[in-house]
Amino acid sequence: MTIAAITGAEVAGRRLVVRADLNVPMAGGRVSDATRLTRFAQGMRPLLARGAALVVLSHLGRPTGRDERASLAAIAGDLAAALGCAVDFATLDEAVKAAARLRPGEVLLVENIRFEEGEARNDPALAARLAALGDFYVNDAFSCAHRAHASTAAIAGLLPAFAGPLMMEELAALAAALEAPARPSVAIVGGAKVSSKIGVLKHLVTRLDHVIVGGGMANTFLFAGGMPMGRSLHEPGQTGTVQEILAIAEAHGCRVHLPLDLVVAREFRPHAPAEIVPADACPADAMILDAGPKAFATFARILDTARTILWNGPLGAFEIEPFDRATLALARLAAGLTDAGQTVTVAGGGDTVAALNAAGAAESFTYVSTAGGAFLEWLEGRPLPGVQALLRADAAS
């Protein structure tokens, strides 16, 4: 993959039009978690110190047209604090003049790009307006790279285009996990439904040595093998899909691992009475809510030999005790292997990040992606328009 990094470019005296992901959580009109601002600022401060000026494009929420509740004006102060410098703010109509006034080391934040009708249509006219704001284009928002939008795709063909520090970090981590993983390589794939991750599973079993399946997805795999489900979440209509995935895995030498035993309960509530049963013995009035101790021991042995671990989705209903045990224990084991220098660990997805945080394991993982949809599409092996645009721009330069 040949993508030019902005960190290697001569940026002194240049205005950089930077597509960021500043879609931060808000509460009462204020930023409630500034993590994305902090991470973005860490990569931008060295560029500002080298004499670049920044014109920052981002979105907030999912507005349909102009909606002041989603105005980026609300985050300008927090962005300034993260960057350690003043941040000017302008609507897109005002931005050309405001950008022209920028001096080296200064920052302009442009109003929510999704207020513009042409953004989601990848409109060339809107892309031209955005390109007029600076000298170089920088995409630092991997989480938006699966969108063919004016600020992620079309603009890349109008200016010298580069990947930002966060984009490069994410691409490097995912390449290490999927494109050329150290072996043995293992994926842990969980969550509620097989139907939501068919593409992910079909791709992973062609690239890795082992795939551990957990959560409601494991129930569907077990059902396809003739196991009783009781009142458990599962997808009877996906039996054919499961058989297809298993056939692909066998053809590529990938072993798919399912829980050998299960934690079941009659109620879905915290501290509900639970019991451990073999995988083929779920009672008719019970629900499967976690992997059992034998399953954990098997999964742990697989991870103990792994050089690469890719994780997307919990093994059970990790949000409530006692059905969090397998997920949290496996997360801590993977974190320990990472700390020991044995294993590269890459994880992504909202529930996965929450589970790793609950386990106190996230900081030990090699890389934790918050990209959501873009992360899943990457796992499926699908080309991401925002990344492809940088590849095309690099090839043309």
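Which residue of β4 is the bridge partner of V18? To find out, open the model, which is a predicted one, and select strand β1, residues 15-19, together with strand β4, residues 53-57.

**First stop: β4 and its partners**

The two strands β1 and β4 run parallel and are joined by five bridges, and within β4 the residue that bridges to V18 is V56. Keep V56 selected and add strand β6, residues 107-110, which pairs with β4 in the parallel sense over three bridges; here the bridge partner of V56 is L109 of β6. In a sheet, strands pair through backbone hydrogen bonds, in either a parallel or an antiparallel manner.

Now colour β4 by accessibility: five of its five residues are buried. In a regular strand the side chains alternate between the two faces of the sheet. For β4, A53, V55 and L57 lie on one side while L54 and V56 lie on the other, and with all of these buried, both faces of the strand are covered.

**Second stop: helices α1 and α2**

Select helix α1, residues 35-49, and helix α2, residues 76-83, whose axes come within 8 Å and cross at roughly 55°. With that angle, α1 and α2 are therefore oblique to each other, and the crossing in which α1 passes α2 is right-handed. To display the contact, show the side chains of L37, T38, F40, A41, M44, R45 and L48 on α1, and those of D78, L79, A82 and L83 on α2. Sorted by class, the residues of this contact comprise eight nonpolar, one polar and two charged.

**Third stop: helices α7 and α8**

Move on to helix α7, residues 215-224, and helix α8, residues 239-251, which pack at an angle of about 90° with their axes 9 Å apart. These two helices are therefore roughly perpendicular to each other. On α7 the contact is made by T220, F221, F223 and A224, and on α8 by T239, V242, Q243, I245 and L246. In the contact of α7 with α8 there are six nonpolar and three polar residues, and no charged ones.

**Fourth stop: R255**

Continue to strand β11, residues 255-257, and pick out R255, which lies in it. Is R255 buried or exposed? Its relative accessibility is 54%, and because the cut-off for an exposed residue is over 50%, R255 counts as exposed. Next, add V211 to the selection: although R255 and V211 are 44 residues apart along the chain, their C-alpha atoms are separated by 6.3 Å. When neighbours within four places in sequence are left aside, the residues in contact with R255 are D209, H210 and V211.

**Last stop: the sheet β13-β12-β14**

Finish by selecting β12, β13 and β14, three strands that form an open sheet in the order β13-β12-β14, with antiparallel pairing. The edges are taken by β13, residues 274-278, and β14, residues 287-291, each of which has a single partner strand, so one side of each is left without a neighbour in the sheet. Looking across the sheet, neighbouring strands are turned against each other by 40° on average, with direction ignored. To examine one pairing more carefully, hide β14 and keep strand β12, residues 261-265, with β13: five bridges join these antiparallel strands. Which residue of β13 is the bridge partner of A265? In β13, A265 finds its bridge partner in A274.

Definitions and conventions
Residues are numbered from 1 along each chain as its sequence is written. This is a predicted model: local features need pLDDT of at least 70, side-chain atom pairs count only at pLDDT 80 or more; totals for chains, interfaces and linings use all residues. Side-chain values use heavy atoms; hydrogens and water are left out. Two strands pair if DSSP finds at least two bridges between them. Helices (H or I, at least four residues) and strands (E, at least two) are DSSP runs, numbered from the N terminus. Axes are lines fitted to C-alpha atoms, for helices over the stretch in contact, and angles run from 0 to 180 degrees between N-to-C directions. Angles under 35 degrees count as roughly parallel, over 145 as roughly antiparallel, 65 to 115 as roughly perpendicular and the rest as oblique. A crossing is left-handed if the near helix is turned anticlockwise from the far one by less than a right angle, and right-handed if clockwise. Contact means heavy atoms within 4.5 Å. Ala, Val, Leu, Ile, Met, Phe, Trp, Tyr, Cys and Pro count as nonpolar, Asp, Glu, Lys and Arg as charged, and the others, Gly among them, as polar. Buried means under 20% relative accessible area, exposed over 50%, partly exposed in between (1.4 Å probe, protein chains only).
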